[in-house]
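Could you walk me through this model, stop by stop, while I have it open in my viewer? I would like to know what to select next and what is there.

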Amino acid sequence: MVSSSHEALHRIFQKDPALLTRALQQVLHIPFPEPRDFAGMNVDLTEIEPVERRVDTLLRAETDEGTYLLVVESQGKPDERKRSSWPYYLSYLHEKYRSEPVLIVVTQSRATARWAAEPIHLGVHGMPSLTVRPFVLGPENVPLITTEQEARQDPPLAVLSAMTHGRGRHAPAILESLEAALRTLDRDTAVVLAQFVDSCLADAQARQMWRDMMTAMQYFWRHPWAEEGREEGREEGREEGRIQERAEMVLNILRWRDIAVPDDVRDRVEACTDLDQLTTWSRRAVHATTAADLFTTTRAAAD
């Protein structure tokens with residue numbers, strides 16, 4: 001299980017290495033050659049035992065233009081000690097493998113992204129002997145994927161979007177679109193990707209909304225998040241448990257978006273026993289401007 005945003009931000013590329021080259025090509029507009037094959041590599045770059053040097057993720061990409069070593073670093077905040085290690089990583093890998101190393105930094109923070117993107121110059125001021133220019137994936141360039149169609153076209157990229165932008169006013173649309181995309185994948189893949197997202201959602205309300213969505217989808221029948229729901233389902237019946245979870249999700253989405261929920265709306269949602277109707281309301285809640293929009297058929301809400 002992925003337990004931290006640091007781990008999730010780089011391990012998603014281990015799950016889908018091709019996502020990394022798509023990000024270089026489509027997000028950063030770098031003419032990176034199309035790989036024929038990927039392979040994971042040992043992330044331990046230690047030469048002298050007392051000094052530990054480890055990259056987060058290291059992938060080898062075989063292309064028609066040669067072999068590239070993709071070094072992925074997850075960065076939560078500026079850290080000059082880590083920044084000073086990046087030239088070492090690239091020089092060591094180039095010397096050891098005689099292949100071209102590429103440094104990619106992934107972050108959820110705009111400030112950290114700006115810090116990481118600054119070139120690293122070593123040598124005489126104005127005439128450095130070595131310059132390192134990291135490629136950075138962060139909130140300013142990773143696309144906002146807020147529609148079901150976009151998410152279905154590239155679920156891993158939609159996951160990266162949710163991991164990077166999973167807070168603020170766009171979060172409900174991002175997460176709702178991603179939920180629809182995960183339904184198109186096999187269960188095991190969906191579970192792993194959904195855990196990546198959960199680990200990166202720093203906003204407690206966004207994380208709860210995501211967990212409500214995933215529990216309602218029952219992807220997490222083997223996961224501790226759903227244990228309480230499973231126990232209730234055994235006692236009260238599986239269908240009743242799903243209905244209750246979906247009703248709670250509808251109300252939670254409205255609350256998370258700071259939309260007031262009058263008593264009559266809450267009572268109507270909680271009294272509903274039609275799972276399909278509750279699903280429709282949950283989708284409308286993502287786009288609603290008032291709680292009453294749940295019950296309208298206009299496209300202020302995307303059904």
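## A tour by selection

Begin by selecting Asp 16, Arg 22 and Asp 154: these residues are linked in a network of salt bridges. Keep in mind as you go that this is a predicted model. A search of the whole structure finds 12 salt bridges, and we will visit some others later.

**Helix H2.** Next, pick residues 17–27, which make up helix H2. Colour Pro 17, Leu 19, Leu 20, Thr 21, Ala 23, Leu 24 and Val 27, since these are buried. Then step past the helix to His 29, which follows H2 and has a positive phi, near 55°.

**The strands.** Now show strand E1 (residues 35–40) together with E2; the two pair in the antiparallel sense over 5 bridges. To find your place, look at Gly 40, which stands opposite Leu 59 in E2. Select E2 by itself, residues 57–63, and you will see a strand that is mostly covered, with 5 of its 7 residues buried.

Add strand E3, residues 66–74, which pairs with E2 in the antiparallel sense over 7 bridges. E2 and E3 form a hairpin, with 2 residues between them. Two pairs are handy markers here: Thr 63 has Gly 66 in E3 as its bridge partner, and Ala 61 stands opposite Tyr 68 in E3. E3 is mostly covered too, as 7 of its 9 residues are buried.

Stay with E3 and bring in strand E4, residues 100–106: this pairing is parallel and runs over 7 bridges. Here, Leu 69 has Pro 101 in E4 as its bridge partner.

**A buried lysine.** Move to helix H3 (residues 80–97) and select Lys 82. Is Lys 82 buried or exposed? With a relative accessible area of 16%, Lys 82 is buried, because the cut-off for that label is under 20%. Draw a distance from Lys 82 to Val 55: C-alpha to C-alpha they are 10.0 Å apart, while 27 residues separate them in sequence.

**Salt bridges, one by one.** Select Glu 148 and Arg 152, whose side chains meet in a salt bridge at 2.8 Å, N to O. Both residues sit in helix H5 (residues 148–153), 4 residues apart, or about one turn of the helix. Glu 148 is partly exposed at 33% relative accessibility, and Arg 152 is partly exposed at 39%.

Next come Arg 183 and Glu 179, with a salt bridge of 3.2 Å, N to O. Arg 183 counts as partly exposed at 43% relative accessibility, whereas Glu 179 is buried at 6%.

For the next stop, choose Asp 198 and Arg 211, which form a salt bridge with their closest N and O atoms 2.7 Å apart. Asp 198 belongs to helix H8 (residues 187–200) and Arg 211 to helix H9 (residues 204–217), so the pair ties together parts that are 13 residues apart in sequence. Asp 198 is buried, with a relative accessible area of 3%, and Arg 211 is partly exposed at 25%.

**A negative patch.** Finally, turn on the surface and select Glu 248, Asp 264, Asp 267 and Glu 270, which gather there in a patch of negative charge. Which helix gives the largest share of this patch? That is helix H12 (residues 263–271), with 3 residues. Asp 267 lies in H12 and counts as partly exposed, at 47% relative accessibility.

Key. Residues are numbered from 1 along each chain as its sequence is written. This is a predicted model: local features need pLDDT of at least 70, side-chain atom pairs count only at pLDDT 80 or more; totals for chains, interfaces and linings use all residues. Side-chain values use heavy atoms; hydrogens and water are left out. Buried means under 20% relative accessible area, exposed over 50%, partly exposed in between (1.4 Å probe, protein chains only). Patches are made of residues with over 30% relative accessible area and no salt bridge: like charges are joined within 9 Å, nonpolar side chains (Val, Leu, Ile, Met, Phe, Trp, Tyr) within 5 Å. Accessible areas come from the Shrake-Rupley method with a 1.4 Å probe; for residues, only the protein chains shown count as cover. A salt bridge is a side-chain nitrogen of Lys or Arg within 4 Å of a carboxyl oxygen of Asp or Glu. Lys and Arg count as positive and Asp and Glu as negative; His and the chain ends are not counted. The place of a charge is taken as NZ of Lys, CZ of Arg, CG of Asp or CD of Glu. Two strands pair if DSSP finds at least two bridges between them.
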